[in-house]
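Please prepare a short briefing on the structure shown below, grouped by topic and suitable for a first-year student.

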Amino acid sequence: MKISIVVTQEEHYTYAQEICDTIESSALLRGTGIAKRTPEYIQKKMANGDAVIALNGEKFAGFCYIESWEHGKFVAHSGLIVHPDFRKLGLAKKIKTKVFEYSLKKYPGAKVFGITTGLAVMKINSDLGYKPVPYSELTSDPTFWAGCQTCTNFEILKSKDYKMCLCTGMLYDPNEKPKNPPRHPFNEAVLSRLKKIKQALFLDKILAFNFLS
């Protein structure tokens, strides 16, 4: 099986609907919150060269796109997805690595960040040099946070004044000097426990608020 990962072009527009469907179905299967995308938005990213796509011949295998904030001061990767037919092959890490390296070239000096509830994505980010950070270290651009409105956890984020949610914030600062061994070793047990604590605290408060109202 030969899978190529390339920067998107106009010829990839036809995959936009399948990408959106795959992202949404994956989120529903995992029971996680996710900001919805439209085919038009995906095509816009493709047109700007702000996305990479993985293809097995002409068959869609995976995707991820780039967003920039505060005039290129911050960069985020969103919509990372692998088609069900190509999972458990390590493709997600290859796509993430490709879009990460591409981002550093296209947006030199930008801090690369993300928010996620997925431990697998946290592991990939950690291997690339990201570190867990409070939301205060991420972009303050309201447009970024507005993108969370279609997420099922948005009420939690809003109730915390956009300072905390079930997602974990992670940041890569290219100005930090690299260290060996990796700067921020990934501890799945610790992050898994943190995620469960956050879920218990936030969801209990939301349920109490709904009951009282």
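**Briefing on the predicted model**

One aromatic cluster is formed by Trp 69, Phe 74, Phe 113, Tyr 135, Phe 144 and Trp 145. The model described here is predicted. The points below cover aromatic rings, paired strands, one serine, two helices and the cysteines.

**Aromatic pairs**

- The structure contains 11 aromatic pairs.
- In the pair of Phe 100 and Tyr 130, the ring centres are 5.9 Å apart and the planes meet at 40 degrees, so this pair is classed as tilted.
- This pair connects distant parts of the chain, as its members are 30 residues apart: Phe 100 belongs to helix H3 (residues 91–106), whereas Tyr 130 lies in the loop between helix H4 (119–128) and strand S6 (131–133).
- Phe 100 and Tyr 130 are both buried.

**Strands S2, S3 and S4**

- Strand S3 (residues 59–69) is mostly covered, with nine of its 11 residues buried.
- Strand S2 (residues 51–56) pairs with S3 in the antiparallel sense, over six bridges.
- Within this pairing, Asn 56 stands opposite Lys 59 of S3.
- The hairpin of S2 and S3 has two residues between the strands, and Gly 57 in this hairpin takes a positive phi near 70 degrees.
- S3 also pairs with S4 in the antiparallel sense, over seven bridges.
- Here Ile 66 stands opposite His 77 in S4.
- The hairpin formed by S3 and S4 has four residues between the strands, and Glu 70 in its turn has a positive phi of about 55 degrees.

**Ser 78 and its surroundings**

- Ser 78 is located in strand S4 (residues 74–82).
- Ser 78 counts as buried because its relative accessibility is 11%, which is under the 20% cut-off.
- Apart from neighbours within four places in sequence, Ser 78 is in contact with Arg 37, Cys 64, Tyr 65 and Glu 67.
- With Glu 67, the side chain of Ser 78 makes a polar contact to the side chain at 3.0 Å.
- Gly 114 is 36 residues from Ser 78 in sequence, while the two C-alpha atoms are 7.8 Å apart in space.

**Helices H2 and H4**

- In helix H2 (residues 39–47), the buried residues are Pro 39, Ile 42, Lys 45 and Met 46.
- These buried residues cover an arc of only 120 degrees around the axis, and therefore they lie on the same side of H2.
- Glu 40 and Lys 44, on the other side of H2, are exposed.
- Gly 49, just after H2, takes a positive phi of about 70 degrees.
- In H4, the buried residues are Met 122, Ile 124, Asn 125, Ser 126 and Leu 128.
- Gly 129, just after H4, takes a positive phi of about 110 degrees.

**Cysteines**

- How many disulfides does the structure hold? The structure holds zero disulfides.
- A disulfide is a covalent bond that joins the sulfur atoms of two cysteines.
- For Cys 165, the closest cysteine sulfur is that of Cys 167, at 5.7 Å, which is too far for a bond. The cut-off for a disulfide is a sulfur pair within 2.5 Å.
- Cys 165 is buried, with a relative accessible area of 7%.
- Cys 167 also counts as buried, at 14% relative accessibility.

Terms used. Residues numbered from 1 in each chain as written. Predicted model: local features only at pLDDT ≥ 70, side-chain atom pairs only at ≥ 80, totals over all residues. Heavy atoms only, no water. Buried < 20%, exposed > 50% of the residue type's maximum accessible area, 1.4 Å probe, protein only. Contact = heavy atoms within 4.5 Å. Polar contact = N/O pair within 3.5 Å; in protein donor to acceptor, adjacent residues only side chain to side chain. Arc of directions from axis to C-beta. Phe/Tyr/Trp six-rings, centres within 6.5 Å; stacked < 30°, edge-to-face > 60°. Pairing = 2+ DSSP bridges.
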